[in-house]
Each structure stands twice: as structure tokens, then as C-alpha cells.
Amino acid sequence: MKRVCLLFITVILCGFFAMGTRAHAEETPHLRIWFSQYEAENEALRRIASDYEALTGVSVEVVSRINIFNAVSDLVNNATLDTRPDIVFMQAPDIGTLVASGYLEPLTPMIDQDIRDRFTEVALSAFRLDGEIYGVGYSVDSYGLIYNKDIISESELPETWADFFALAAEKTVFDGATPVIHGALLNARDMWFNYPIIRNYGGYYYGTYPNGDYNPYDVGLDQAGMLDYVAKMQEAMAQGIVLTNRIHGESEIVSRFANGKVGMMIYGLWYASILQERGIDYGLASLPDQDDGTTSRALTTVQGFVVNRFSLQQAQSLDFLEYILEDANQQLLIEAGNDHDRKLGTRNPANIAVSQSDYIQSSEILSSLSALNDETEPFPNLPEGPIWYNYTTTVFQSIFFPLSGAVDPEAKLGELAEKIRDDVRLMNLQVERIEIPSYVYMIICLLIVTGLIIYIIRGRIQNKRCPSYLQKPRWKQTLLAWGLILPLMVLLLVFYVYPIFHNMYLSLTDYSGINLREYGLIGFANYRDIFVKGFQGLVSMSVWTLSFATCVVVVSFILGVLIAFMLKQSHVKIAKIYRIIFILPWVIPTVITLLMWQGLLETENGLVNQILSLIGIPHIPWLSHPWIAKVSTIMVMTWFSFPYFMVIASGLIQAIPKDYYDAAKVDGANAFYTFFSITLPLVFRAMIPTLIMSFIMQFNQFGVYILTGGGPAADKIGDPGATDLLITYVFNTAFNTNRYAVAAAYSVLIFVFIAIFALLSIRITRKVADNG
Amino acid sequence: MKKSHPLVKKICVHTFLIFLAIVTITPFAYIVMIAFGKNIVGTSATIPKEFTLANFQRLFRETAFLDWIKNSLWIGLVTMIISVVFVSITVYAFSRLRFHGKQKLFQFILLVQVFPLTLSMVSIFRIFVTLGILNDIKGLIIVNSTLASAGLVLLAKGYFDTIPFEIDEAAMVDGASRLQTLIHVILPLAKPMLAVVAIQSFVIAYNEYVIASTVMTQGLDTMPLAVGLQSMITGQYGTNWSMYCAAALLGSLPMIVLFYSLQKYFIGGMTEGSVKL
């Protein structure tokens, strides 16, 4: 008794304690810099910072970061808080959204001739947007031609892309129809590493205005040259120098290279350590020139430092940034970033003095990588930059690996370019704002709250299995009950109800990638947009979502109860072992097992098909045929959820009195009958709310997306794929164009849709349970 | 009385169970293989030629893995305790008391969870800022307790309802207070369900990724394991599969241990027959 009271008090105190400790405001001038995920690099910067403190008296806190990709969203969230960063280390392509909403301080005044001279050109040009420079590059993430010296000698290296293809074809060795040695290996679906080849044939990313700024409405994918590119890749595929499996990608190329089976690949040094350990003698050369003699430029991501516009010590931040950029400090950082003597190649200096230093020059690989710095083209850093990547992989997949019949590349590429232009238009859509006086909000809020309270109080207890004298509510018990429920209700109001209302509000605004800070009300424009345009494939997608959720819940429920039932009958020790095995899907991080399943279900090399072929069953396209993919998705998701039901059912089955079974036995029932007529219904009745909840959870299942990416893709670009659930699809379409308000509108609509559904299923299941 | 041959039945049952066990264990076996494999680039289904412990060594040397797992264990355990307490008292009220708005409130708990919370991170972030629990493990504990309790109340209600009302009426006639009835009569009977609540709340807190990755921004060593794990897989040009699998493997050990130690509660048979469905 006492112990429980103590526990209660501790928990409540914990809560208060958590609320009570707020972040302390800083007292001394203090800078905060968000830096790297590598601890060695952070340590180096900390040493530099302490030197700086000794010099100027300004302390600098170096914050280690989990990865560089979160920088944008984290800066947007934290830019104006007490714990705001002053300087942030991020990728140049990510600055577009931040600049559009005014989160970054232009550094143009700071960039003098000295800095221009000391840094490679791309270090600054990558951060140039709308005529201002917003950051300074530190590391240049680039790629070149990696070649296996045992297959291609240095003197043979191709001059132009035409030479490249000729040499690659020449060096390819076939054993029957399958190539055993690839002269070169390319990935036809890829845009990033193939970009120089695409440029060679006349395709390009976004066109530019005369002043050098990108024009996102000029998409270089429906150029005549692109058809030559497609033809060339198709020819190369027959020659064994392009991957022939529709889902294989870079990692396949690298692993074949690591096995010494590939002569050349267009790649960076990200797997250098593995190549070294495997004893592959490889070199990094610059890319072949274009066929007209101009230099090929690799598409490059530059990582560098930007300054938060809301930094409270703007001048001090700029001063510290200049200090970091000094040659000696850059040297320290780069050496730490490459893990000192291990020279991993993780950081390729943008600073010219560092790239000419002994540290870099003494390593053949690091020096050849830094020699490529001049042959680069920064990845477009405007907010529209990433739009490309939402479609190109699937479009090229359908061009090079059509599932049914041939695809006309010209029509497909035209459609792709049009889709990208559409998205660019949507992304820049500005809707006129409206003014609503604040008292209107108050009235609306009041109405909603009173409505809810009336609705809740009015309800009666209608539990039929509860004795009738217990049905009438009593005020004294009401008080006690509400007191007991209060803690959870408060938390629910804070963490569930507030987000719902906040989302409703956001759905009425123009909150988007271009208005992250200053968004205003625009009325029902987002909803109008959704309904006027209509969802493509709404009906088929809803049907699929519903059947998916139903199948997963029903199958995994029955399977879970069945296993629990079987295990109860078996020997205790054996049952224990089985249980430990069966809970594995539940306790291992979902992402990794999903990716494992992806590998297992792969059509050509997946284990499942390999086993099936042993007994003479031909390869089944588990994840690449629209209908089979649906079935496999359901199977895999069932695999994930049955352990949960098994464990719950194990508990519930214990509670079924023996005499029920004895009675059944007397009636001569077999195990099968006992299970379906006693165990399953009884467990079902006790689990109704959980089943409804699981059903709802399956509606919001994002795991499917990791497994199939929503694919196989639909014929029309941008339409829902075969396994796209309602929620994954609408969110993807809204987030692709950074239209967060539209995403909010979708989430409100889906919420209403599922809520109605949930209420209906409560009614239905209750009736079933009461009658059954 | 007709009965199928016990041996045939046994063989059928075990064939089925063994088949399922194989299906369950295969992806897991792959993870083990990759975790111990040397020089693995992709996840394509090839058995590694050499095995090594280097991935585990790198995990400890190059990442803050120990910090991550410590954070996650702390979050998981505290969330577990809070959730069990919250669920017990809330469900007691819903199952045993007659009060105004009972049904509607229960539906309310179900309905709010329909909303895809992980997609409204803007709102969640604001709440964290307002409450001052940003970059604070306590914040994650609070939000995880909410997520876990809300879901598990629905589960536990079904079970509590199966415990006959006569039992607590008898206790109260004997002079026990409501609290005493709850602690000495109902909770012991609900042990199998409480064990499930404990495990599931631990799993939820231990694996929560989206919220944690948004509200924790200050430093590698403050991250829970799920966020740390994710950082290994979202490399731009490649994933360190071996390290990732090694981390996932070690990371799932606490959950397996927890499950193993709580297993006796839902198979022990201590409640057999005392509860009527």
C-alpha cells in the first residue's frame, strides 16, 4: 500500500520536475554551432573554439549532430529559441527553402577577395542563390571515374564518353549470355552519377537565366538529346555495361566492383575502406570529356557553414566563421574529418591550401579526389531542386525495364518534364490571404468546447453485460472517475487534441516551403484545391487501403490466437522457445526487418524465390507485379503484427475457465472446433477496442512505404502506385512540393474519414459481440 | 467420443509451428549474418565469406552507441512504469465505476488516436517548446507515456471487464476500500494483461523515432537508440549495413530479455479459472 503511494508520488513529482526545468538563459556572450556527426571532427572544432575563446573571450559551444539531413527542419524549428544555433553546418542544396523563408543571413559582405582566393570556386557558387552567397563550403562531396587497375590500365583511360562506352564494351567478358567481367557498370535508373553522360547527350537539370540563376520552369528532360541517351543506355545494357535488374542500384555496382568484376564505375570514395580491405587496386580519375571536347562536370553536393539570420550575436558569428575558415583551422578540421591517419576520404577540402597540403597530397586517392574539385557542377540549391528526384528513378525504371509492353521514351520523358513543371508551379503558388478578426476564433473555440462537453455528458452507459443496477451513472462516482481519468485526459488534450486543432488551423493557411515563417489564413483554398482537382485514383486507393487494413488485422489476429492456442497445448519448455522466436518481429526495429524482407522477396536473387526454384516453381515477382505486390505487402505486414496478438491472446487464453473446454470435450468437439467456437470468439470479445485500434493503425501504416515505396508505380507519372495507401500517397504528393498546409488539409480529411469508420466499426462489433 | 490420433495431431501442429518459426527467423538470421559479415556493401542475399567482430568494435568506437542504449533503456523503463500506473487507474475507472460520459470518453480516447500524430510534428514541436521539455529526455518520457497509455487503455479495458464484478463487490463488503480492491484484488488478477502493457509500452518508447528525432537536437549522446540507428541508414550514398545490423541486434536484446522475464505472467496459469470471460 505504502509502496504504491510512494510510486504515485514519485511519478507525479517526476512530472512536475520535468515541467519545472526550463532552459536557462545564457549569461555570457556565447555562440552555438551545429556541426558534424563525426566526434573526431567535433573535437577538432572544440579545440579551435577554445583557441578562439582565449583570443576574444567569446565562448563557443560545438553541438554534435546526428546527421546532416535534419539540418533544415531542425533549424526551422529552433531558429528563434533560446537554444538557437548561430552557425549551422549543412548541405548547399538544402539552403533553398531556408533562404525562401528568410532563415539565413547573406554572407556576401563577408566574402572578400581573400576568401575567394583561398577556396575552390564551387565552395561559394554552391551557396549562391538569387545573387547572394549564403554559406562557405568546407567539404566537396564529388565523384569521378573509379577504375580497377587490374582491368583498365591508366594509359587506357577514356578521353571522351564515346571512348568510355567503346572501352567498356571491349573489356566486358561474357560467359554465355551473362557478363562475368563488366568493362564498366552503370545504373540506368540513376540521375546523379549518370548526370555527366546526360549532359553529354544534351539533357540538363534546370536551365539558367542569363544571369546564371536557375530557371526551374526550364526542365532539360524532354530535349531531343535525351532520346539519344536512352538509346545509348539500352545499347549498353545489351553490351553488359548497364545493370539489367530493375531494382539493383549503386550498392550492387559497388559490391561487384569490390569483387573485382567491374572495370570502371562512376562513383565517389564512400566505400573506399571496403575496397581497400578487399585488396582491390583501384584509382580515381577525372570523368571522360564530353564528345565535343568540353569538360564533364560531376554533380556535386558541397557541405559548408551558414549563419542563422536570427542569431543574437550576428557580428560575433561572422567573426568566428572567418576564424574557422582560416587555412590552419581548415587543415585541422579536414584531418580530423578524415579520421587523421586513416585518411578515410569522408571530407574533401574546399580550401585550396589544405588540398595542396602534405596530408592530402601524400595520399593518392585523397589527392585525386581533390583534383576533381574544378570539374564539378553544384546540385541546384533552389527549393525546387529535389523535385526531380521524386520521379526520375521510377520514370527511368519504367523506360528501361517496362513491365508490360514497350514504353515510348519520348512520350514518357515529355510527361515527366510536364509533371516537374507542374510541381514547380504548385510549389510557387501564392494564394491571397484573408483577414479574420480574432473574436471569431474565440467564438468558434467556445462553440466546439461546449459542444464536446454536452456530447460527452449526455452519453449513457449501454453495456448490456453489466448488471442493470450498475448502468445508472452516479454523481459521486463520476467525480472519482473523472479524477482518476484526469491525468491521462490532460496528456491526451496536450499531445493529441491540440495537434488536431493546430492542424485544422494550418490547413486554412498558406503554410508551405516558401512561407515557413510568415504564413496567414487563406480560407478554404486548400480544401477547394483538393476537391476541385480530386484525388487521382481515390476510389481504388481507398478500397486498397481498406482491404489492406482488414486483411492484416484479421489474418494476424487469427494467426496470433491460433499460435497462442497451440502453444498452450504444447510442452511448457518448447512453448517458451517458440514464444521467444515468434516475438522477434515485434522487438527488432521495424525499418531493418522491412529492408531485409525487401531483399528476401527480390525477384531474381531473393532467398524466397531461390528456395521456390529448388522445388521447380518459377520466379515470382513478389514486389514488382501490381497484384502480387499487394499480397506480399499484406503478408509482410501480417508478419509484423501477429506477435502482438499472440502475446495478448496468450494472456487471455489463460483466463478461459477449464470447464468451457471440458464441456466442449463432453460434446465430442475436436481441437479445431474448440478453437473456432470457444477460444477465438472469447478472445475476440475481450479485444474489440484493440482490434479497432490496430485496424486504424494499419490505415496510417508507413512501413509499406519502406517496403515497396508505394510501387510498382502506376502508368501515369504521379498517380498512386499499386501499394500506395491513402495516407502515404497524399502526404507524399503534398510534401514533394513542400505544401505543408495541403498536407494538413489532407490529414484533417483522412482523420474525419477514419473517425467515421472507427465509430461505425465500434457499433458493428458491439452488436456482433452482444449477439454472439 | 471421436478423437484424432494424438501423434498425428502433434505432428501437424509442430509442422505448422516450425514452418512459421522458420519464416519468422529468416530475416532475423540475415541481420545476424550481416552484423557478423565482413565487407558487406548491400543487403543482396549472399552469405558473407568471412565473419568478424569488427562491426561491433566499430560500433562502440565510432558511435555513441552506449549512450544511445542507456538513454533508450531509461526512457523505456520509466515509460513502462508510468504507463502501467496510468493504464491501471484509468481502466479501473472505465471498468468499475458508473459515471457520466463514460462511453463517450472511452470513444474519445480511441478517436483522438486516429489522427496520424507523427505527421503533425510542427504542433508537437510547439508543445515541447511551450512546456520547456525540448532536448530533454523527460519530454520524451512524457510523450511516450501518453502514446503508450492511450493505446493500451483500449487493450486493458477488455481484460478488466472480464474480471467478474462479484469479486470486487465481495472485497468491498469485507471492508476493503476502492484502492485496496484495485491493488489487492483486481491488479493481481489482471497480471497477464499488465505484463502485456509493460512490454508494449517499453517497445513503443524504445522504438519511437519520429518525435525523438525532431525534439532532440543538442548532441549525439542525448539521442535515443532509434534515432541513432536511423542515422546509420540515411547516408546519402550508402548505408553501413554491417554496423546498422550489429546495432539493431544489440539494441533488440533488452526487449528480448524483458519479454523473457515477463513471460511467466501470461503463461504461468496463476489466474486459471478465476476469471470469467
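So, A:D327: at 28% relative accessibility, this residue counts as partly exposed. Keep in mind that we're looking at a predicted model here. What does A:D327 pair with? A:R118 forms a salt bridge with A:D327, and the closest N and O atoms sit 2.7 Å apart. Now, A:R118 is in helix α5 of chain A, residues 113-118, and A:D327 is in helix α13 of chain A, residues 327-337, so this pair ties together parts that are 209 residues apart in sequence. And is A:R118 buried or exposed? Buried, with a relative accessible area of 16%.

Okay, staying in chain A, let's go to helix α10, residues 250-258. Both A:R256 and A:E252 lie in that helix, 4 residues apart, which is about one turn. Their side chains meet in a salt bridge, 3.0 Å from N to O. On accessibility, A:E252 comes out buried, with a relative accessible area of 11%, while A:R256 is partly exposed at 24%.

Over to chain B, then, and another pair within a helix. B:K70 and B:D67 both lie in helix α3 of chain B, 3 residues apart, again about one turn of the helix. The salt bridge between their side chains has an N to O distance of 3.9 Å. How accessible is B:K70? B:K70 is exposed, since its relative accessible area is 54% and the cut-off for exposed is over 50%. Its partner B:D67 is partly exposed, with a relative accessible area of 28%.

Back in chain A for a second, there's a network as well: salt bridges that share partners join A:D222, A:E418, A:R421, A:D422 and A:R425. And if you're wondering how many salt bridges the structure holds over all chains, that's 27.

Last stop, helix packing, and we're on α3 of chain B again. Helix α3, residues 65-96, packs with helix α11, residues 225-233, also of chain B; the angle is about 140° and the axes are 8 Å apart. Which residues make that contact? From α3(B), you've got B:F65, B:W68, B:I69 and B:S72. From α11(B), the residues are B:L225, B:A226, B:G228, B:L229, B:S231 and B:M232. Sorted by class, the contact of α3(B) with α11(B) has 7 nonpolar and 3 polar residues, and no charged ones.

So for α3 of chain B we have both sides of the story: a salt bridge between B:K70 and B:D67, and a contact with α11(B) that has no charged residues. That's it from me.

Conventions: Residues numbered from 1 in each chain as written. Chains lettered and ligands numbered in written order. Predicted model: local features only at pLDDT ≥ 70, side-chain atom pairs only at ≥ 80, totals over all residues. Heavy atoms only, no water. Axes fitted to C-alpha atoms, helices over the stretch in contact; angles between N-to-C directions. Helix = DSSP H or I, 4+ residues; strand = E, 2+ residues; numbered from the N terminus. Contact = heavy atoms within 4.5 Å. Nonpolar A, V, L, I, M, F, W, Y, C, P; charged D, E, K, R; others polar. Salt bridge = Lys/Arg side-chain N within 4 Å of Asp/Glu carboxyl O. Buried < 20%, exposed > 50% of the residue type's maximum accessible area, 1.4 Å probe, protein only.
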